[in-house]
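Dear colleague,

I am handing over the structure below, and I would be grateful if you read the notes that follow with it open beside you.

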Amino acid sequence: GVLFSGDALYDGTLLDSMPGSDAGAYITTMRTLRALDVHVVHAGHNESFGAARLRSLCDAYLTPRT
């Protein structure tokens, strides 16, 4: 139930438009992370957060793209 997401997901703006970034891979990652049974996320940046925020961040990223 604990996820160490590193830079894959954090509570801030994801840098998916920088040179070398792969927005398609981010979409796949967000779908995968959203489906996990996670209780707490320790990200590479900012504060840790819970399952509801994980889903909210994934949904916010995926909504304009699906």
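Along β1, which side chains point to one face and are buried, and which point to the other and are not? Leu3 and Ser5 are on the buried face, while Val2, Phe4 and Gly6 point to the other and are not buried, where buried means under 20% relative accessible area with a 1.4 Å probe and protein chains only. From β1 the chain crosses through α1 to β2, and this β-α-β crossover is right-handed, that is, with the strands pointing away from the viewer, the path from the first strand over the helix to the second runs clockwise.

Please bear in mind that this is a predicted model, in which local features need pLDDT of at least 70 and side-chain atom pairs count only at pLDDT 80 or more, whereas totals for chains, interfaces and linings use all residues. Residues are numbered from 1 along each chain as its sequence is written, and side-chain values use heavy atoms, with hydrogens and water left out.

Helices (H or I, at least four residues) and strands (E, at least two) are DSSP runs numbered from the N terminus. The open sheet has 3 strands in the order β1-β2-β3, with mixed pairing, two strands being paired if DSSP finds at least two bridges between them. Because β1 and β3 (49-50) stand at the edges with a single partner strand each, one side of each is left without a neighbour in the sheet. The pairing of β1 with β2 (residues 40-43) is parallel, over 4 bridges, and Phe4 has His42 as its bridge partner in β2.

Ser5, which lies in β1 (residues 2-6), counts as buried because its relative accessibility is 10%. A polar atom of the Ser5 side chain is 2.5 Å from the backbone oxygen of Leu9.

The largest nonpolar core (buried Ala, Val, Leu, Ile, Met, Phe, Trp, Tyr and Cys residues joined through side-chain atoms within 4.5 Å) has 17 residues, and those with the most contacts inside it are Leu9, Met30, Phe49 and Leu54. At least two residues of this core come from each of α1 (23-34), β2 and α2 (51-62), and α2 gives the most, with 5 residues.

With best regards

Technical notes: Buried means under 20% relative accessible area, exposed over 50%, partly exposed in between (1.4 Å probe, protein chains only). A polar contact is a pair of N or O atoms within 3.5 Å; within protein, one must be able to donate a hydrogen and the other to accept it, and residues adjacent in sequence count only if both atoms are side-chain atoms.
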